[in-house]
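Let's take a walk through this structure together, one piece at a time. Have the sequence and the 3D view ready.

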Amino acid sequence: MAIEPAYEVIVVGGSYAGLSAALQLARARRRVLVIDGGIRRNRFAPTSHGFLGQDGRAPGDIVADGRAQLLAYPNVHWHDGEVQDALRDSEGFIVSCGDGFRASGARLILATGVRDELPAVDGLAERWGRSVFHCPYCHGYELHEGRIGVIAVGALSMHHALMLPDWGRVTFFVNGSFEPDDAQRAALTARGVSLEGRGIACVSEVATVVLADGSRCVLDGLFVASRLRMASALAEWLGCDFDEGPLGRTIRTDATKRTTVRGVLACGDAARMAGSIALAVGDGTMAGVSAHQSLMFGW
Ligand SMILES: Cc1cc2nc3c(=O)[nH]c(=O)nc-3n(C[C@H](O)[C@H](O)[C@H](O)COP(=O)(O)OP(=O)(O)OC[C@H]3O[C@@H](n4cnc5c(N)ncnc54)[C@H](O)[C@@H]3O)c2cc1C
């Protein structure tokens with residue numbers, strides 16, 4: 001005889017996307033379990049920007065408020081831990097955590113996020129989220145139109161270099177990652193960007209770039225494109241398809257956040273290129289609604 005799943009939906013990842021998904025299900029009076037490892041992508045940044053109504057707040061405070069409001073619903077359960085395995089059974093999925101916790105659910109929502117891999121430049125990682133950033137919309141304004149550096153990781157960094165003059169005076173450090181052609185040089189000049197061809201030795205102080213020949217370029221902030229890796233291998237284990245992007249891959253979903261594997265949905269940074277808190281919350285809402293409707297109307 002089939003065993004009824006303990007939960008109707010299990011949400012893996014209890015940050016912006018996962019909390020938002022779980023909230024819709026909680027309000028539909030469904031039995032929901034959230035399992036969270038507590039390692040948010042923006043944990044390095046003291047403040048978060050661009051999320052309506054929460055601009056300038058500490059990112060952890062936004063999550064803490066969301067969690068407290070979610071846990072006020074008696075049909076929601078929470079487990080602090082990391083899902084290390086997920087199996088499909090006849091009724092849905094069984095997930096297992098490293099601490100021995102196991103649970104079953106009819107639907108699985110992956111809100112597991114991504115992690116950032118920075119180029120190998122000494123001094124970058126320690127400043128990530130404080131004076132080294134990837135997103136101008138999140139952290140550009142607070143540089144007060146000051147001195148901004150962009151460290152290239154390849155030709156795709158032209159995008160960063162051409163955007164950032166809206167936030168300050170930009171120096172573009174090619175750092176041997178590619179050779180701008182004439183058209184690219186002209187585009188940089190037209191936007192008032194200074195091109196720096198010498199290699200980088202390290203980053204020091206707030207955001208000072210020390211060049212290989214020892215000269216120093218004092219800046220107020222730096223931008224660099226990180227390589228994105230899935231924070232969890234769950235989607236891969238479950239057999240989900242992925243989309244390849246210039247900075248890494250994301251879990252493929254349709255507009256309702258269903259993945260290519262029946263019963264599995266995905267939302268937040270794990271399932272979109274160039275994410276933000278607002279987008280994660282929006283995608284999480286869609287995933288929660290979509291999971292709920294699939295329980296009634298089928299997949
Ligand atoms: C330095 C920095 C600063 C940023 N600043 C801003 C900003 O100012 N404004 C803005 O809008 N965006 C900002 N972002 C982007 C923002 O952090 C992300 O868009 C947002 O965190 C995505 O939310 P998410 O819920 O998809 O993933 P995350 O917030 O990364 O959360 C994923 C959650 O899933 C959990 N998890 C992963 N795998 C498992 C598993 N196997 N089992 C259990 N739990 C698991 C993790 O522990 C984590 O708690 C910033 C990013 C960085 C790197």
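What follows goes from a helix to the cores, then on to the sheets and the cysteines.

One thing to keep in mind from the start: this is a predicted model.

Let's begin with helix 2, which covers residues 59-71. It has 13 residues and reaches 19 Å from its first C-alpha to its last, close to the 18 Å expected at 1.5 Å a residue. Which of its residues are buried? They are Pro 59, Ile 62, Val 63 and Leu 70. If you look down the axis of helix 2, these buried residues fall within an arc of 95°, so they line one face of the helix. There's a handy rule behind this kind of pattern: an α-helix has 3.6 residues a turn, so residues three or four places apart point the same way. Turn to the other side of helix 2 and you'll find Ala 68 and Gln 69, which are exposed. And what covers the buried residues of helix 2? The cover includes helix 1 (16-27), strand 2 (32-36) and strand 3 (76-80).

Just before moving on, stop at Gln 54, which sits in the loop between strand 2 and helix 2. With a relative accessibility of 21%, Gln 54 counts as partly exposed; the cut-off for buried is under 20%. Not counting residues up to four places away in sequence, Gln 54 touches Ser 48 and Ile 62. You've met Ile 62 already, as one of the buried residues of helix 2.

Now for the inside. In soluble globular proteins, nonpolar side chains tend to be buried together. Here, the largest nonpolar core has 27 residues. The ones with the most contacts inside this core are Ile 10, Val 95, Leu 108, Leu 110, Leu 238, Ile 251 and Val 264. Several elements give two or more residues to this core, among them strand 1 (7-12), strand 5 (92-97), strand 6 (102-110) and helix 7 (234-238). To get a feel for it, click on Leu 108. Leaving aside its neighbours within four places in sequence, Leu 108 is in contact with Ile 10, Val 12, Ala 86, Phe 93, Val 95, Leu 238, Gly 263, Val 264 and Leu 265. There's also a second, separate core of 25 residues, and it includes Val 9, Leu 19, Val 32 and Ile 62. So helix 2 has a residue in that second core, because Ile 62 is among the core's members and also one of the helix's buried residues, which line one face of it.

Next, the sheets. One of them is an open sheet of five strands, in the order 8-15-9-10-11, with parallel pairing. Strand 8 (132-133) and strand 11 (194-196) stand at its edges; each has a single partner strand, so one side of each is left without a neighbour in the sheet. Look further in and you'll see strand 9 (residues 147-151) and strand 10, which pair in the parallel sense over five bridges. Along that pair, Ile 148 stands opposite Val 170 in strand 10, while Gly 149 has Thr 171 of strand 10 as its bridge partner. Is strand 10 enclosed or open to the outside? Four of the five residues of strand 10 (residues 169-173) are buried, so the strand is largely enclosed by the rest of the structure.

His 160 is worth a look too. You'll find it in helix 5 (residues 158-163), and at 8% relative accessibility His 160 counts as buried. Setting aside residues up to four places away in sequence, His 160 touches His 134, Pro 136, Val 150, Phe 223, Val 224 and Ala 225.

Another open sheet has three strands, in the order 12-13-14, with antiparallel pairing. Strand 12 (200-204) and strand 14 (216-217) are at the edges, each with a single partner strand, so one side of each is left without a neighbour in the sheet. Strand 13 (residues 208-211) and strand 14 pair over two bridges, and Val 210 has Arg 216 in strand 14 as its bridge partner. Arg 216 is partly exposed, with a relative accessible area of 47%. Apart from its neighbours within four places in sequence, Arg 216 is in contact with Ser 204, Glu 205, Thr 208, Val 209 and Val 210.

Finally, how many disulfides does the structure hold? Zero. The sulfur of Cys 202 is 13 Å from the closest cysteine sulfur, in Cys 217, too far for a bond. Cys 240 is in no disulfide either, as the nearest cysteine sulfur, that of Cys 267, is 12 Å away.

Methods. Residues numbered from 1 in each chain as written. Predicted model: local features only at pLDDT ≥ 70, side-chain atom pairs only at ≥ 80, totals over all residues. Heavy atoms only, no water. Disulfide = S-S within 2.5 Å. Expected span 1.5 Å × (residues − 1). Buried < 20%, exposed > 50% of the residue type's maximum accessible area, 1.4 Å probe, protein only. Arc of directions from axis to C-beta. Contact = heavy atoms within 4.5 Å. Core = buried A, V, L, I, M, F, W, Y, C linked by side-chain atoms within 4.5 Å. Pairing = 2+ DSSP bridges.
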